[in-house]
Amino acid sequence: MADAAPDSKQITLTFPDGATRKIERGTTGMSVAKAISPSLAKRTVAMSLDGKLADLADPITEDATIKFVARTDPEALELIRHDAAHVMAEAVQALWPKTQVTIGPVIENGFYYDFAKQEPFHPDDLAKIEKKMGEIIAKNAPFTKEVWSRNKAKEFFRERGENFKVELVDAIPEDQDVKIYKQGEWLDLCRGPHMASTGQVGKAFKLQKIAGAYWRGDPNRPMLQRIYGTAWASEDELKDYLHRLEEAEKRDHRKLGREMDLFHFQEEAPGSVFWHAKGWTLFQTLIAYMRRRLAAAGYNEVNSPDMMEKSFWEVSGHWENYREMMFVTELPDERTFCCKPMNCPGHVQIFKHGLKSYRDLPLKLGEFGKVHRYEPSGAMHGLLRVRHFTQDDAHIFITEEQLEEQCLEVNDLLLSIYEDFGFKDIVVKLSTRPEKRVGTDEQWDHAEAIMAKVLKEIEKRGKGRIKTSINPGEGAFYGPKFEYVLKDAIGRDWQCGTTQVDFNLPGRLGAFYIDEHSEKKTPVMIHRAIFGSLERFTGVLIENFAGHFPLWLSPLQIVVATIVSDADDYALQVAEQLRAAGLRVDVDLRNEKINYKVREHSLAKVPVMLVVGKREAEEGKVSMRRLGSQDQKVMPLAEAIASLCEEATPPDLKRAAGVVDKAA
């Protein structure tokens, strides 16, 4: 469509269905909506011009693709939260007039505003603010936009004692307007856009917590008070979200880690895990499972040094592109060493040791390698974000012709492993070239084209179960990658596995193989992780299962507990037979009531309790009680052991046993 001539009085709007309409230049979005249908105007809260949200009151001055946004549309959710933040700021200043308003952005699932207030907010104040917000929303005051000069804006805010706003006006680039949004008598400096009125915020909002925050994130600047809130299009959505938060709090892996005696952290080793015996058992169970899966898939397990000289990382490109994340130390001999942030350069050295032929490819090297990455203190979060962690890392050295086949083979392995842990709702994202990268544009074009083709095949093989998407600019500095995002039991997303294609690093480090024409050729390398960080995956599993692990994963599978001391010897015999069968067992012979023991071991999330008393000892039986159930089942000990052994067999070993049985 040709643009209208600059002096033309009319412009052309194109609607989502392809229909077009001529309007007078400068007509507002609301006027267009009213002209189409009064009901459309009534339900519309904003418009999108060429994909960018705008106020309905804005004049339309150029040809554009237009979409009217209803309050129930996904695009409106950010506006609802943005407007709710403004309403909250007005409510705070109405209740405490001397409070200064600073900034209030929309964030994931909600919004916040930072305030400069002499007296601290109290948690009880949140209910007062919510009530006042409800009154402001009920007034349904229109949002109106004005453009002010810088001097006018600064003078206005300075007179009101809003010194933070004066600083914000100074920070606005010279080529941008100073926009002021009013809602009734109250106003704020804001880029916009907003909905038509405060009433469109609705009732589905809640203020959640108060926190401290430095002005502009600078610890040398004043400390402000931040109020967080959430807002949704409907009260049902708000209710669902608050329920998810409650569930997430119950499932917090840090809380469960204490209750289950799995691990702890302490300030002397920030971002590093102190694994307790039960936590380490869980960790090693994951490694044992993955080790079996990788061996079956043809991987060779190796181990590379934790620390290597700086010059090595300069050649690999990590020093230039990843330096801020690396731990560095200078030795007395003036040599500088780095703790490895990744395993890949070490695996290239192992590949280079000895001449390789094209017949050796694909060559798959796997490692449960310890890596060290400097995460800012504020970013660390239990097991989910640490500085010292173990990767189930692997690198596959291949010819270029093998790339598509190997990416699909890795994909099938990842999906099979995730299914063993109960994850079936998965999104695969293709992350493309970042701004900071190595290699030529031609190499990136080639790699991304192959990955895009593989992504289509992954979606096809998923038969509707696997969703795919593009993640622009989020690739590794050496190549594009697939990210595997898992959805847990309460609907949260976790990015775990990756498959990364690398046409650069093997060549930078001098790796080659001899092709079928007896010529040297640089291999392509696939970086591949499935759990990713084992620490993080452990945290994800704890929260996904809420500590109620399937028996094969549980660090402590069974507790044998006595009702009376007369059964102590029998309890020890039961435990001995269970351990001999390969089960992880503890014995509780304490002189406590059985209900007390049940409560304590339930809190520790022990899946099975075998209760024995004098009668069970005499009859060679046990009373089995499951975590979360009041029911008990009395059965012969041999039957109980057989049943528990079957249940405690890892899924990969069950499949292998099934294959053996069929072959027999």
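**Figure 1. Helices α13 and α14 cross in this predicted model**. The axes of α13 (residues 403-420) and α14 (residues 441-462) come within 10 Å, and they cross at roughly 40 degrees. That angle makes α13 oblique to α14, and the crossing is right-handed. If you want to pick out the side chains, look on α13 for L403, E404, C407, L408, N411 and D412. On the α14 side, the contact is made by I450, M451, K453, V454, E457, I458 and R461. Sort the residues of this contact by type and you get 7 nonpolar, 1 polar and 5 charged.

**Figure 2. The largest nonpolar core, with a closer look at F531**. In soluble globular proteins, nonpolar side chains tend to be buried together. Here the largest nonpolar core has 63 residues. Y418, F421, F482, Y484 and F531 are the ones with the most contacts inside this core. Helix α13, already seen in the previous view, supplies the largest share of the core, with 9 residues. What does F531 touch, once residues up to four places away in sequence are set aside? Its partners are L286, Y289, M290, D392, I417, F421, C496 and F537. A second, separate core has 30 residues, among them V45, A84, V92 and F121.

**Figure 3. Helices α3 and α4 pack against each other**. Two packed helices are described by the angle between their axes and the distance between the axes. For α3 (residues 76-95) and α4, the angle is about 115 degrees and the axes are 8 Å apart. The two helices are therefore roughly perpendicular to each other, a label that covers angles from 65 to 115 degrees. The crossing of α3 and α4 is right-handed. From α3, the residues to find are A84, V87, M88, E90, A91, V92, A94 and L95. They meet K128, I129, K132, M133, I136 and I137 of α4. By type, the residues of this contact divide into 11 nonpolar, no polar and 3 charged. Two of the names on the α3 side, A84 and V92, also turn up in the second core.

**Figure 4. T99, in the loop that follows α3**. This threonine sits between α3 and β6 (100-101). Is T99 buried or exposed? Its relative accessibility is 3%, so T99 counts as buried, the cut-off being under 20%. Leaving out neighbours within four places in sequence, T99 is in contact with V92, Q93, F115, A116, K117 and E162. One of these partners, V92, is also part of the α3 contact with α4.

**Figure 5. I23 in strand β2**. The strand runs over residues 20-24, and I23 is buried because its relative accessible area is 9%. Which residues does I23 contact, apart from its neighbours within four places in sequence? They are K9, Q10, I11, L13, V32 and I60. Take Q10 from that list: 13 residues separate Q10 and I23 along the chain, while their C-alpha atoms are 5.4 Å apart.

**Figure 6. Two cis peptide bonds, each leading into a proline**. One joins G192 and P193, with omega at about -5 degrees. P193 belongs to the loop between β11 (186-189) and β12 (205-214). Another cis bond joins L361 and P362, with omega at about 0 degrees. To find P362, go to the loop between α12 (344-352) and β20 (363-372).

**Figure 7. N109 and N140, two asparagines with positive phi**. Neither residue is a glycine, yet phi is about 70 degrees at N109 and about 55 degrees at N140. N109 lies in the loop between β7 (106-107) and β8 (110-116), and its 25% relative accessibility means it counts as partly exposed. N140 is found in the loop between α4 (125-139) and β9 (143-148). At 41% relative accessibility, N140 counts as partly exposed too.

**Figure 8. The whole protein, for orientation**. The C-alpha trace spans about 90 × 75 × 60 Å along its principal axes. There are 21 helices and 33 strands to navigate. Of the 664 residues, 50% count as buried. Among contacts with a separation of 6 or more, 67% are between residues 24 or more positions apart.

Key: Residues numbered from 1 in each chain as written. Predicted model: local features only at pLDDT ≥ 70, side-chain atom pairs only at ≥ 80, totals over all residues. Heavy atoms only, no water. Axes fitted to C-alpha atoms, helices over the stretch in contact; angles between N-to-C directions. Helix = DSSP H or I, 4+ residues; strand = E, 2+ residues; numbered from the N terminus. Parallel < 35°, antiparallel > 145°, perpendicular 65-115°, else oblique. Left-handed = near helix turned anticlockwise from the far one by under 90°. Contact = heavy atoms within 4.5 Å. Nonpolar A, V, L, I, M, F, W, Y, C, P; charged D, E, K, R; others polar. Core = buried A, V, L, I, M, F, W, Y, C linked by side-chain atoms within 4.5 Å. Buried < 20%, exposed > 50% of the residue type's maximum accessible area, 1.4 Å probe, protein only.
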